[in-house]
Amino acid sequence: VVNREVDMAVMLGVDIGGTKMAVAPVDEAGRIVGVPLVRPSRTESTEHFLDGLVQVVRDALAASAAARLDVVGVGLGCAGMVDWTRGIVVASPHLPLHDTPVRSRVATAIGLPTTLDNDANVAALAETRVGAAKGLRHVVMLTLGTGVGGGLVLGGRVYRGATGAAAELGHMRVASDGEPCNCGSRGCLEAYASGRALERVARRLVQPPAGSGAGEDRREEGYASGLASLDALGRLTGEAVGVLALQGDAAAGDAVREVAEWLGVGVTSLANVFNPEMIVVGGGLVTLGDLLLGPARAALARCGLSPNREVARVEPAALGNDAGLVGAALVAWERQLGV
Ligand SMILES: [Zn+2]
């Protein structure tokens with residue numbers, strides 16, 4: 001038990017994901033100062049989801065009061081397309097949210113100032129304030145999971161665009177009439193540099209198109225047997241391909257390299273457009289380490305403009321799963337402090 005003269009002021013950071021939500025008190029410096037509460041996200045209906053969200057925030061408020069923490073506000077970070085200005089989740093891939101006023105629902109129920117931002121924006125702010133890019137002012141973040149999330153911190157502030165929908169970096173088009181993307185378009189970076197893309201490339205290596213000829217000559221007998229075994233078990237996912245690549249499997253390594261080359265295309269364009277000091281790469285795929293980041297850095301060195309290519313370091317995220325909680329709270333802190 002910590003004894004303090006005055007209760008410590010904290011913000012509740014809420015990380016709302018497709019399967020679970022986590023809440024924790026976070027101080028002004030971005031430190032988590034209590035044990036996070038974690039609950040499943042209720043997806044039966046919008047009302048169930050909102051009830052569950054309000055309840056976990058209420059429980060975190062009670063726990064904070066018991067720990068003599070003075071909660072001054074709530075910061076929500078949610079997976080999906082968020083209208084920052086109106087506090088609305090426009091759409092979310094795994095949650096029953098469609099033009100849902102999530103911010104006002106929580107603010108009204110809890111009676112505290114509340115912010116709502118997209119999960120990638122909050123992760124970008126967290127990495128910039130207390131993570132891999134601590135102390136920097138111009139930072140691009142890419143979150144490579146099943147899809148690709150993006151966040152921009154420019155001149156020390158989260159850049160949200162005209163309506164809060166900026167930084168959808170996964171939907172930069174990198175190919176005309178290219179691979180289909182989850183967003184309904186084609187040729188987006190997400191269709192080439194995500195976990196789903198890694199799976200697609202691996203499937204192609206297991207079953208090369210008939211008559212593809214030339215490239216196969218150099219492949220040795222059993223080249224794609226590891227991937228084929230996964231496929232036969234129904235386990236050919238991006239994550240499994242990554243594990244195989246880390247074990248030294250040649251075909252899985254080639255699949256990762258192809259995805260990493262496309263990441264390099266994205267990274268090079270982002271460096272040329274924004275001239276950031278760092279491009280932080282987070283999400284599940286970053287466990288591939290230099291297998292993923294090496295070719296992307298090489299592409300930037302080869303194809304970027306000078307001095308952008310020398311200035312922009314490409315580094316793995318440092319905060320892991322805490323980025324959502326911490327970033328959501330930091331967005332609320334910055335709003336409150338008028339930063
Ligand atoms: Zn797209």
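Buried here means under 20% relative accessible area, exposed means over 50%, and partly exposed is anything in between. Keep that in mind for the views below, which all show a predicted model.

**View 1. Arg-129 and Glu-334 bridge two helices.** The two side chains meet in a salt bridge, with N and O 2.6 Å apart. Arg-129 sits in helix α3 (residues 119–130) and Glu-334 in helix α10 (residues 322–337), so the contact ties together parts that are 205 residues apart in sequence. Glu-334 has a relative accessibility of 15%, so it falls on the buried side of the 20% line. Arg-129, at 24%, is partly exposed.

**View 2. A five-stranded sheet, open at both ends.** Reading across, the strand order of this open sheet is β3-β2-β1-β4-β8, and the pairing is mixed. The edge positions go to β3 (37–40) and β8 (114–118); each has a single partner strand, so one side of each is left without a neighbour in the sheet. On average, neighbouring strands are turned by 20 degrees against each other, direction ignored.

**View 3. The β1–β2 pairing and the helices on the sheet.** Strands of a sheet pair through backbone hydrogen bonds, in a parallel or an antiparallel way. For β1 (residues 8–16) and β2 (residues 20–26) the sense is antiparallel, and the pairing runs over six bridges. Look for Asp-15, which stands opposite Ala-22 in β2. Helix α3 packs on the sheet too, touching β4 (69–78) and β8, and its direction makes about 100 degrees with that of β8. Helix α10 lies across β1, β2, β4 and β8, and runs at about 130 degrees to β1.

**View 4. More of the salt bridges.** The structure holds 20 salt bridges, and this view picks out a few. Asp-27 and Arg-31 meet through their side chains at 2.8 Å, N to O. Their surroundings contrast: Asp-27 is buried at 5% relative accessible area, whereas Arg-31 is exposed at 53%. Another bridge joins Arg-200 to Glu-179, where the closest N and O atoms are 3.5 Å apart. That pair links distant parts of the chain, with Arg-200 in helix α4 and Glu-179 in the loop between β11 and α4, 21 residues apart. Both partners are partly exposed, Arg-200 at 25% and Glu-179 at 27%. Elsewhere, Asp-290, Arg-297, Arg-313 and Glu-315 are joined into one network by salt bridges that share partners.

**View 5. Glu-190, a buried acid in a loop.** Glu-190 belongs to the loop between β11 (157–158) and α4 (195–206). Its relative accessible area is 8%, so it counts as buried. Who is around it? Setting aside neighbours within four places in sequence, Glu-190 is in contact with Gly-147, Val-148, Gly-170, His-171, Cys-181, Asn-182, Arg-196 and Ala-197.

**View 6. Thr-287, out in the open.** Thr-287 is found in the loop between β12 (278–282) and α8 (290–303). Is Thr-287 buried or exposed? With a relative accessible area of 63%, Thr-287 is exposed. A polar atom of the Thr-287 side chain lies 2.8 Å from the backbone oxygen of Gly-284. For a wider frame, include Gly-248: Thr-287 and Gly-248 are 39 residues apart in sequence and 14 Å apart in space, C-alpha to C-alpha.

Conventions:
Residues are numbered from 1 along each chain as its sequence is written. This is a predicted model: local features need pLDDT of at least 70, side-chain atom pairs count only at pLDDT 80 or more; totals for chains, interfaces and linings use all residues. Side-chain values use heavy atoms; hydrogens and water are left out. Helices (H or I, at least four residues) and strands (E, at least two) are DSSP runs, numbered from the N terminus. Buried means under 20% relative accessible area, exposed over 50%, partly exposed in between (1.4 Å probe, protein chains only). Contact means heavy atoms within 4.5 Å. A salt bridge is a side-chain nitrogen of Lys or Arg within 4 Å of a carboxyl oxygen of Asp or Glu. Two strands pair if DSSP finds at least two bridges between them. Axes are lines fitted to C-alpha atoms, for helices over the stretch in contact, and angles run from 0 to 180 degrees between N-to-C directions. A polar contact is a pair of N or O atoms within 3.5 Å; within protein, one must be able to donate a hydrogen and the other to accept it, and residues adjacent in sequence count only if both atoms are side-chain atoms.
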